[in-house]
Amino acid sequence: MKIPSKKVVALFCLIVLVVAGAVLCHRPDPVEKSAYIMGTLVRVRAWGAGADRAVPEALERLSALEQALSANLEDSDVARVNRAGGRGVSVSSATGDLLGEALRFAGLSGGAFDPTVGALVDLWGIGTEQARVPGDEEILSALERVDWHGVRLFDGNEVRLEAGQQLDLGGIAKGYAADVLRDQLKREGIRSGLIDLGGNILVFGENPRGGKWRIGVQDPIQSRGGVLGVVELREGSVVTSGTYERFFERDGVRYHHILDPATGRPARSGLLAVTVVSPGSLEGDALTTALFVMGLDLGIALVNGLEGVEALFVTEDGRVVLSPGLEGRFTLQGEGYRLETR
Ligand code: FAD
Ligand code: MG
């Protein structure tokens, strides 16, 4: 048999290397879909076999959760509970589970997070055409109807409020939904995914683009509008709440949508935004709202006592304060800020 020349062998090896390289470096394109659900632009991106089917199914699931959890939809569990005037109402087990978690975070935050803020949300109307600054009397009267201790949850799926109370799960439901979608995508065999529910980001599996996931955090100063910095993580949730999300201005004052259940007004805690990095998005969502109301000192003390949860606070006086576990995982890009760890 004729022995191949060195040139032929070298050419053959080159072809093998190129083909192997192409196979190894091939980064499959994800399947991505966006939609407007829960009052916000949502985006689901997934890699892996079955993503073509799993991504649209995830968006359908999100719409179904909206149907159950939106205070604005007449037939939702939340709207039926709110109309019941203190009578017991049976709800889906998903709504019951979420409400149970909302009450847990209300307790954990000393009531800074309160799922019965509905009367105040309606009164201020922030984010709607009816937004206005209510009078003191109106605020006091709405405040009488805000107290999470008044919520009773029987057997996980029967809910009863005190007469006049109104549930609003807007501060936690997107986080819950992100966790539900992640679990569903995983069950369908998706190996890596990114779920973005308008500022609630959840990533799972390895980043198919290599290395850790890098999630941008928005600069809360509207006029800058860019990226405050980047958080790196292997998997988990990055949720941000801030004054820039929904607000209106009157006489030079900004009235934003995170309400302090102690005062009945938009929280004035010296913060512009809070980001929570945590394994799950439900805890991240509930905590960003709670920490924003609590402010830096109480907020960082709460976070530093919770296993696996980290936070980043942006203060009105231009500081970006990290809990210790974010050191080395957050890169500041925004200009004019001072970085601290506490
Ligand atoms: P977060 O800080 O996470 O939450 C702030 C929201 O939580 C407030 O808007 C209020 O609802 C509530 N809240 C305020 N203070 C407190 C407090 N102290 N404790 C507990 N909760 C508090 N928006 C629309 O415009 N149209 C819609 O049709 C619509 N449908 C929705 C359906 C669902 C199921 C959900 C969850 C939200 C919907 N939204 C809708 C609301 C919208 O997406 C909100 O902007 C969002 O829920 C607020 O999230 P956030 O991440 O900006 O802020
Ligand atoms: Mg929240």
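**Exercise 1. The ligand and its polar contacts**

How far does a polar side-chain atom of Asp168 lie from an oxygen atom of ligand 1? Work that out in this predicted model, then add the contacts made by Gly170 and Thr289.

*Solution.*

Step 1. Start with Asp168: one of its polar side-chain atoms is 3.0 Å away from a ligand 1 oxygen.

Step 2. Move on to Gly170, where the backbone does the job: an N or O atom there lies 2.9 Å from an oxygen atom of ligand 1.

Step 3. For Thr289, go back to the side chain, where an N or O atom is 3.0 Å from a ligand oxygen. With a polar contact taken as a pair of N or O atoms within 3.5 Å, the Thr289 pair qualifies.

Step 4. Now check the surface. On its own, ligand 1 exposes 960 Å², and the protein buries 87% of that.

**Exercise 2. What surrounds ligand 1**

Find the pocket that holds ligand 1, and say which element gives the most residues to its shell.

*Solution.*

Step 1. Look at the pockets: ligand 1 sits in the largest one.

Step 2. List the elements that put two or more residues into the shell: α2 (51–69), α7 (173–187) and α8 (281–294).

Step 3. Pick the top contributor. That's α8, with three residues.

Step 4. Zoom out to the whole shell, and you get 26 residues around ligand 1. Among the closest are Met38, Ser241, Leu259 and Asp285.

**Exercise 3. The sheet with β8, β9 and β18**

Work out the strand order of this sheet, and explain why β8 and β18 each have a side without a neighbour.

*Solution.*

Step 1. Read across the open sheet: the order is β8-β9-β18, with antiparallel pairing.

Step 2. Look at the edges. β8 (213–218) and β18 (330–332) each have a single partner strand, so one side of each has no neighbour in the sheet.

Step 3. Get the twist: ignoring direction, neighbouring strands here are turned by 25° against each other on average.

Step 4. Follow one pairing in detail. β8 joins β9 (residues 227–233) over six antiparallel bridges, and Val217 has Gly229 of β9 as its bridge partner.

**Exercise 4. The sheet with β3, β5 and β4**

Which strands stand at the edges of this sheet, and how many bridges link β4 to β5?

*Solution.*

Step 1. Lay out the order: β3-β5-β4, an open antiparallel sheet of three strands.

Step 2. Spot the edges: β3 (89–90) and β4 (152–154), each with one partner strand.

Step 3. Count between β4 and β5 (158–160): three bridges, in the antiparallel sense. Leu153 stands opposite Val159 in β5.

Methods. Residues are numbered from 1 along each chain as its sequence is written. Chains are lettered from A and ligands numbered from 1 in the order in which they are written. This is a predicted model: local features need pLDDT of at least 70, side-chain atom pairs count only at pLDDT 80 or more; totals for chains, interfaces and linings use all residues. Side-chain values use heavy atoms; hydrogens and water are left out. Two strands pair if DSSP finds at least two bridges between them. Helices (H or I, at least four residues) and strands (E, at least two) are DSSP runs, numbered from the N terminus. Axes are lines fitted to C-alpha atoms, for helices over the stretch in contact, and angles run from 0 to 180 degrees between N-to-C directions. A residue is near a molecule or strand if one of its heavy atoms lies within 4 Å of it. A polar contact is a pair of N or O atoms within 3.5 Å; within protein, one must be able to donate a hydrogen and the other to accept it, and residues adjacent in sequence count only if both atoms are side-chain atoms. Accessible areas come from the Shrake-Rupley method with a 1.4 Å probe; for residues, only the protein chains shown count as cover. On a 1 Å grid over the protein atoms alone, a cavity is a set of points where a 1.4 Å probe fits but cannot get out, and a pocket is an open set with protein on both sides within 12 Å along at least five of seven lines; lining residues have an atom within 4 Å of a point. A molecule sits in a cavity or pocket if more than half of its atoms lie within 2 Å of its grid points.
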